[in-house]
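Me: Please take a close look at one part of this structure, the interface between the two chains. I should like a connected account of what forms it.

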Number of protein chains: 2
Amino acid sequence: MPNHSLPTLEDVAREAQVSTATVSRSLNSPDNVAAKTLERVQAAVQKLGYSPNFGARALAAKRTNTIGAVIPTMENAIFARGLQAFQETISRNGSTLLVASSSYLRELEEEQIRNLVARGADAILLIGEDRSEEIYEFLKKRGIPYVLAWNYRPNSSHCFVGFDNRAAIKNLARKVLDLGHVTIGMIAGLTQENDRARDRVLGVREALAEYNIPGENFHVIETSYDFTNAGDALELLLEKKPKPTAIICGNDILAVGAVKQAKALGLRVPEDISITGFDDIEVSSIIEPPLTTVHIPHRKMGKIAAECLLAMRKNQVLSKSIKLNPFIVERGSLSKPGE
Amino acid sequence: MPNHSLPTLEDVAREAQVSTATVSRSLNSPDNVAAKTLERVQAAVQKLGYSPNFGARALAAKRTNTIGAVIPTMENAIFARGLQAFQETISRNGSTLLVASSSYLRELEEEQIRNLVARGADAILLIGEDRSEEIYEFLKKRGIPYVLAWNYRPNSSHCFVGFDNRAAIKNLARKVLDLGHVTIGMIAGLTQENDRARDRVLGVREALAEYNIPGENFHVIETSYDFTNAGDALELLLEKKPKPTAIICGNDILAVGAVKQAKALGLRVPEDISITGFDDIEVSSIIEPPLTTVHIPHRKMGKIAAECLLAMRKNQVLSKSIKLNPFIVERGSLSKPGE
DNA sequence: TTGAGAAATGCAAGCGCTTGCATTTTTTCC
DNA sequence: GGAAAAAATGCAAGCGCTTGCATTTCTCAA
């Protein structure tokens with residue numbers, strides 16, 4: 001709790017022998033203040049150790065210079081990295097980041113969004129598109145600009161700064177199929193309430209359709225993003241008939257879990273089984289064999305999302321969606337079947 | 001920017017046919033309001049879609065229910081994990097997290113601290129102890145409680161919630177020495193302006209002294225936390241005479257970089273060279289061989305730090321420091337020399 | 001030197017909420 | 001049933017800052 005009596009604008013005004021209005025202007029639009037006055041005010045600020053009261057400022061100016069973000073979890077490196085870049089960018093622009101996490105729970109996420117808005121966030125970063133219509137209405141009604149990151153959906157009306165999950169993994173799946181795999185397993189993230197995970201499954205299915213792979217040659221298991229779960233899922237997939245020769249994973253974490261488990265089962269990767277990842281986080285090049293995966297420019301995404309939000313807040317214009325381009329990184333966990 | 005005319009307390013008061021004071025109380029201390037009245041107010045709030053104005057509230061109540069944290073970077077998994085737990089805890093207590101990062105730069109960090117305070121943070125989480133006396137003075141003067149995490153120093157006057165880096169790595173070093181290693185290399189983090197990194201070097205030195213290892217048998221190279229740098233550092237260390245048989249790393253990231261490089265150089269780990277880590281982040285059990293490292297309870301630390309801060313804010317009492325206990329995790333990257 | 005226009009400054013009205021104190025209503029207990 | 005205590009409510013004074021508008025001061029051309 002702030003100490004009893006911190007200096008106020010008025011104290012500074014008295015010290016500098018000007019009005020509070022002038023002090024305020026010296027702080028917020030120094031260009032409109034005479035050089036000499038400005039100097040006096042600054043000296044007074046310095047002397048008194050003055051720092052504006054946040055609440056008062058927010059109340060009077062109707063803006064907080066605070067930008068909110070609700071992400072599923074900071075523990076996943078992809079969000080941590082993107083958020084870091086996001087934070088750096090808004091910080092450089094004089095704003096501050098207000099963070100909340102949803103643990104991938106839709107209800108909790110909506111609560112957090114309302115919370116951030118109530119806390120005065122004047123723009124918000126959200127992950128993906130899946131959430132109730134009401135919450136979008138709410139944001140619209142309050143005039144809070146928002147950007148959806150980590151996905152990009154061509155036909156949506158929202159402003160995205162992200163990449164097309166569906167298309168990205170589709171390309172990877174094509175590459176798998178081109179190598180001759182005809183029975184495929186997929187370890188996906190939980191698709192309910194998660195458009196990114198869903199789009200990734202969709203992308204793989206589309207590729208399979210293109211190559212006329214029959215349904216019985218494709219099996220999907222959904223699981224939360226966790227090494228151990230991925231290992232279990234791998235075992236389940238290996239029991240399917242016909243047995244898959246390639247496992248496409250919803251992200252690198254699942255892929256790492258699968259690779260570990262495959263090795264534990266005495267299988268060679270990729271000779272006995274190919275495994276692919278998604279995201280290209282650090283572990284993907286540390287595990288043996290390193291993962292063939294899809295690289296996502298997380299930092300870049302965070303930075304651009306921040307710039308977008310900053311611009312939207314300023315101009316009150318809905319910004320256009322921005323699509324980033326992921327690309328496949330070939331490392332070694334994918335090869336021809338039965339090689 | 002908030003829409004032109006959101007409902008205010010007064011609107012709710014009118015709708016519910018009570019005074020604004022009663023509405024305010026209904027929101028903040030419902031126990032002091034008659035059940036019937038409360039009901040009427042809540043109905044009005046619902047009907048109008050009212051949500052209190054943050055600035056006004058902060059101004060009038062002199063507290064924001066916002067807690068700040070300045071961490072070096074979210075990209076390092078250890079901070080991400082701790083911060084996630086920290087956030088969850090304060091969120092559960094009705095507060096929100098304001099985040100800034102310092103990129104390990106002292107000046108930037110102090111700027112960020114002032115920034116968070118100006119933004120109304122009513123308590124702050126800081127990493128480690130290294131910073132100017134002025135900034136501590138500043139915090140004290142403003143009456144902002146703070147907690148230092150990720151380290152614990154027995155003789156400091158600050159409130160820590162962390163672990164004793166020096167003691168923890170000292171134990172690990174002892175274990176290395178017990179195995180018979182007599183020439184040691186260390187890849188440390190940059191120790192300037194970073195008490196954790198410094199304490200870790202210190203801990204190793206102390207262990208060496210205990211075992212009477214002469215100075216020329218110990219070489220330290222400092223580098224920023226980065227895989228590639230660690231690899232370079234390893235090469236440099238291997239050129240030293242006498243050549244080290246064990247490399248103690250300042251954290252897991254450095255250790256992973258060292259292991260990768262060692263393998264690239266055709267060395268077997270641990271047969272040809274032992275390498276140890278610190279932190280026990282996920283990669284340490286994914287790399288081959290998995291790292292022998294020191295486990296730090298990051299999540300627990302984040303949670304406790306949050307609870308501490310919450311309590312300090314409430315009671316206006318300086319909390320006692322809390323010391324967490326790291327422990328060594330033996331995995332496979334450390335063995336007897338020349339085995 | 002003077003006067004018009006531009007630049008700088010001051011005045012004062014809020015911004016929407018909390019809270020101490022005063023007042024009214026309800027409850028309790030003889 | 002009534003007085004005293006307790007509970008609920010209302011009144012209104014701020015909290016510290018921004019900003020539109022009015023006023024003063026400065027600048028510069030004639």
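Reply: The following account deals with the interface of chain B and chain A.

This is a predicted model, in which local features need pLDDT of at least 70 and side-chain atom pairs count only at pLDDT 80 or more, while totals for chains, interfaces and linings use all residues. Residues are numbered from 1 along each chain as its sequence is written, chains are lettered from A and ligands numbered from 1 in the order in which they are written, and side-chain values use heavy atoms, with hydrogens and water left out.

Chain A and chain B contribute 57 residues each to the contact (heavy atoms within 4.5 Å). The buried area is about 4,700 Å², and carbon and sulfur atoms give 52% of that area; buried area is the accessible area (1.4 Å probe) that two parts lose on being put together, summed over both.

Four salt bridges are found across the interface, each a side-chain nitrogen of Lys or Arg within 4 Å of a carboxyl oxygen of Asp or Glu. A:Arg299 and B:Glu75 form a salt bridge through their side chains, at 2.4 Å from N to O.

On the side of chain B that touches chain A, helix 5 of chain B gives the most, with seven residues; helices (H or I, at least four residues) and strands (E, at least two) are DSSP runs, numbered from the N terminus.

Strand 2 (residues 96-101) of chain A pairs with strand 2 of chain B in the antiparallel sense, over three bridges; pairing requires that DSSP finds at least two bridges between the strands. Within strand 2 of chain B, B:Val99 stands opposite A:Leu97.
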